[in-house]
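Thanks for making time this morning. I would like to walk through one model with you, slowly, and take the packing before the backbone details.

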Amino acid sequence: MAPLRVDFGLLMEPLGFIKVLEWIFSIFAFATCGGFQGETTLLVSCKGVANKTITAAFAYPFRLNTVVFSAPDPKRCGGTWTDVYLVGDFSSSVQFFVTLAVLAFLYCMAALVVYIGYKHVYQQNSKFPLTDLTVTAITAFLWLVGTFAWAKALADIKMSTGASVVPGIEACKAPGTTCRFASVTSMKTLNVSVVFGLLNMLLWAGNVWFVYKDTNLHNRPNRISQITGVYSAQRGI
């Protein structure tokens, strides 16, 4: 096993500094999304009930089709009220986004350990930079896909939990029953998670170049040109 040699010098270079930013931004990406909880509130008036508040509480991973509104009263509006569910299952998009952020966080931690403690091994073994380059390029692409998928899902979540939910409730169409949209929890933190997804995508995509510079793919042309120059000089060309 290679000896540990602690050296923080690489963190002062773009390769290490960007990796630290990736580590931090991945934390914000899943932290602003994974713990979200909210609710949609309606005001219902029906037989024996006036402006009764009913709620549907939803949270990560946003399987809205399993979320049901509370009944206006124990008698369920004289028997006219049926269970009302929100619409849509957005768990696949958001779970992909959060899982990617967690895996990126773990990879950045492992990479920083190598950068700080095993810089000499990283620079001497060509397999490490090539592996780093492959993972960085793939992760940048996954951030692109995951962020746009989550942004689309978030727009649909806002639609499914907003005022447009009322026209789709059959119980609200019963004679003598009226429903009004009251409020929905602010989703600013979810908007922020999309922003951090975009920032992560830019960071990982930009870091591809700096990782590439440490690989033999970048250094090989330089070595070939140097060897050619030495050979030409020896021949007096």
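Helix α5 passes helix α6 in a left-handed crossing, and since what you see is a predicted model, please take each value I quote as computed from that prediction. The axes of α5, which covers residues 127–161, and α6, which covers residues 188–212, come within 8 Å and cross at roughly 160 degrees. Angles over 145 degrees count as roughly antiparallel, and α5 and α6 are therefore roughly antiparallel to each other. As for what lines that contact, the residues where α5 meets α6 divide into 19 nonpolar, eight polar and two charged.

Helix α6 has a further packing partner in α1, and there the angle is about 160 degrees, with the axes 9 Å apart. That angle makes α1 roughly antiparallel to α6, and the crossing of α1 and α6 is left-handed.

Let me turn to the sheet. How many strands does the open sheet have, and in what order do they lie? There are three, in the order β2-β1-β3, and the pairing is antiparallel. The edge strands are β2, at 49–59, and β3, at 178–184, each of which pairs on one side only. From one strand to the next, the twist averages 20 degrees.

If we look at the pairing of β1 with β2 in detail, β1 spans residues 37–46 and is joined to β2, antiparallel to it, by nine bridges. Two positions may help you find the register on the screen: Q37 has A59 in β2 as its bridge partner, while V44 stands opposite K52, again in β2. The hairpin of β1 and β2 has two residues between the strands, and within this hairpin G48 takes a positive phi near 80 degrees.

Now to the interior. Which residues touch the most other members of the largest nonpolar core? That core has 44 residues, and the ones in question are F58, F62, F69, W81, L86, W143 and W150. At least two residues of the core come from each of α1 (14–34), β1, β2, α3 (91–117), α5 and α6, so that both helices of the crossing I began with are among the contributors. It is α3, however, that gives the most to this core, with seven residues.

Finally, there are some backbone details that I would ask you to inspect in the model yourselves. A cis peptide bond joins Y60 and P61, with omega at about 10 degrees, and P61 is placed in the loop between β2 and α2, the latter being residues 76–79.

In helix α2 itself, R76 and C77 deserve a careful look. Phi of R76 is near 55 degrees, which is a positive value in a residue other than glycine, and phi of C77 is likewise positive, near 55 degrees, again in a residue other than glycine. Are these residues buried or exposed? For R76 the relative accessible area is 29%, and R76 is therefore partly exposed, the range for that label running from 20% to 50%. For C77 the relative accessibility is 2%, and C77 therefore counts as buried.

That is where I will stop, and I am happy to go back to any of these places on the screen.

How values were computed: Residues numbered from 1 in each chain as written. Predicted model: local features only at pLDDT ≥ 70, side-chain atom pairs only at ≥ 80, totals over all residues. Heavy atoms only, no water. Axes fitted to C-alpha atoms, helices over the stretch in contact; angles between N-to-C directions. Helix = DSSP H or I, 4+ residues; strand = E, 2+ residues; numbered from the N terminus. Parallel < 35°, antiparallel > 145°, perpendicular 65-115°, else oblique. Left-handed = near helix turned anticlockwise from the far one by under 90°. Nonpolar A, V, L, I, M, F, W, Y, C, P; charged D, E, K, R; others polar. Pairing = 2+ DSSP bridges. Core = buried A, V, L, I, M, F, W, Y, C linked by side-chain atoms within 4.5 Å. Buried < 20%, exposed > 50% of the residue type's maximum accessible area, 1.4 Å probe, protein only.
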